[in-house]
Amino acid sequence: MTILYSDKDIIVCIKPVGLDSEKELPVALGGEIYPIHRLDKNVGGVMVYARTRPAAAALSKAVQEGTMVKEYVAMVHGTPPEQGDWTDLLWKDSTKNKVFVVKRERKGVKKARLEFRRLSDGERSLVHVRLHTGRSHQIRVQFASRGYPLVGDHKYGSRDEATAPMLFSCRLTFPYQKQLRTFEAYPEWAQQKSEN
C-alpha cells in the first residue's frame, strides 16, 4: 500500500482494490486509526484516515461542511456529454446492496449530486468526477442510469471482461493545519488520458 502523507494526526494512503476501507485497511495501517470516509471494496484510490479523536472530529467536520473535496476518474461505456452537473434521488435496497435512481422523495431516499467533465471519448470514455454528496455507489448509479455504466461494473450493467469497476479516487482536498491540502494519484488506465 502506498502512503502519500503521514504524521501523528493523519495518514493519507492509496487504498488498493479488494480491501474494505472501514475494517481491513485500518488494520493494515496499524495503530489507532479512525475512518473518515469510505470507498467500495472493489474501488481504489486516495483516502485520509485520522490517528487521533480530535483529528477525526476535524476531518468529519470538513466532510459535513463540504470543505473536503473528493474527485474521481472513471472509465465508462459510451460517450457521455462533454460536461455535466447531475442531481438525482437515490434509494438503496440494503437486501441486494444495490442503489436505484427514483422519481420522488420518500423514506430512505437521498439527494445525490456530482459534476463531471469528459477527458476522452469513444466506446469507452474517461471522465473526471467531483462529488458533492457521498452516497453509496453514487457515481456508478448516476452514470449507469443514463446509459453509461462504468467499465467492469457488472452490478450496474457493464458486460465486459474487467473484474472491478474502473473507478478511482484520484484527488482529495481538505483543510489541515490552517491550510488547504491536496493529495493526488491516478491508476495506470487513466494516467495518459488525464494528463491531456
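Trainee: Why is cysteine 170 called buried?

Mentor: In this predicted model, cysteine 170 has a relative accessible area of 0%. Buried means under 20%, so cysteine 170 falls in that class.

Trainee: What makes cysteine 13 count as buried or exposed?

Mentor: Its relative accessibility is 0%. That value lies under the 20% limit, and cysteine 13 therefore counts as buried.

Trainee: How many disulfides does the rule give, and how do you know?

Mentor: The count comes to 0 disulfides. For cysteine 13, the nearest cysteine sulfur is that of cysteine 170, 15 Å away. For cysteine 170, in turn, the nearest cysteine sulfur belongs to cysteine 13, at 15 Å. A disulfide requires the two sulfur atoms to be within 2.5 Å, and neither cysteine 13 nor cysteine 170 is in one.

Trainee: What makes the contact between arginine 171 and glutamate 184 a salt bridge?

Mentor: The closest N and O atoms of arginine 171 and glutamate 184 are 2.6 Å apart. The criterion asks for a side-chain nitrogen of Lys or Arg within 4 Å of a carboxyl oxygen of Asp or Glu, so the pair qualifies. Arginine 171 belongs to strand S10 and glutamate 184 to strand S11, so this salt bridge ties together parts 13 residues apart in sequence.

Trainee: Why is glutamate 184 classed as partly exposed?

Mentor: The relative accessible area of glutamate 184 is 40%. Partly exposed covers the range between 20% and 50%, which means that glutamate 184 belongs there.

Trainee: How do you know that arginine 140 and aspartate 153 meet in a salt bridge?

Mentor: Their side chains come to 2.8 Å, N to O, and the limit is 4 Å. The pair links distant parts of the chain, with arginine 140 in helix H3 and aspartate 153 in the loop between H3 and S10, 13 residues apart. Arginine 140 is buried at 3% relative accessibility, and aspartate 153 is buried at 1%.

Trainee: Which residues are linked with this pair in a network of salt bridges?

Mentor: The network joins Glu22, Arg38, Asp40, Arg140 and Asp153. Within it, the side chains of aspartate 40 and arginine 38 meet at 3.4 Å, N to O. Aspartate 40 counts as buried at 11% relative accessibility, whereas arginine 38 is partly exposed at 42%. The whole structure holds 14 salt bridges.

Trainee: What makes the backbone of histidine 137 worth a comment?

Mentor: Most residues other than glycine have a negative phi. Histidine 137 is not a glycine, yet its phi is positive, about 55°. It lies in the loop between S9 and H3 and is buried, with a relative accessible area of 8%. Lysine 178 also has a positive phi, about 65°, and lies in the loop between strand S10 and strand S11.

Trainee: Why is lysine 178 called exposed?

Mentor: Its relative accessibility is 90%. Exposed means over 50%, so lysine 178 meets the condition.

Trainee: How does arginine 135 qualify for a surface patch on accessibility, and which residues gather there?

Mentor: Arginine 135 is partly exposed at 31% relative accessibility, and patch members need over 30%. Arginine 135 gathers with Lys92, Lys110 and Lys155 in a patch of positive charge. Its place is the loop between strand S9 and helix H3.

Key:
Residues are numbered from 1 along each chain as its sequence is written. This is a predicted model: local features need pLDDT of at least 70, side-chain atom pairs count only at pLDDT 80 or more; totals for chains, interfaces and linings use all residues. Side-chain values use heavy atoms; hydrogens and water are left out. Patches are made of residues with over 30% relative accessible area and no salt bridge: like charges are joined within 9 Å, nonpolar side chains (Val, Leu, Ile, Met, Phe, Trp, Tyr) within 5 Å. Accessible areas come from the Shrake-Rupley method with a 1.4 Å probe; for residues, only the protein chains shown count as cover. Lys and Arg count as positive and Asp and Glu as negative; His and the chain ends are not counted. The place of a charge is taken as NZ of Lys, CZ of Arg, CG of Asp or CD of Glu. Helices (H or I, at least four residues) and strands (E, at least two) are DSSP runs, numbered from the N terminus. Buried means under 20% relative accessible area, exposed over 50%, partly exposed in between (1.4 Å probe, protein chains only).
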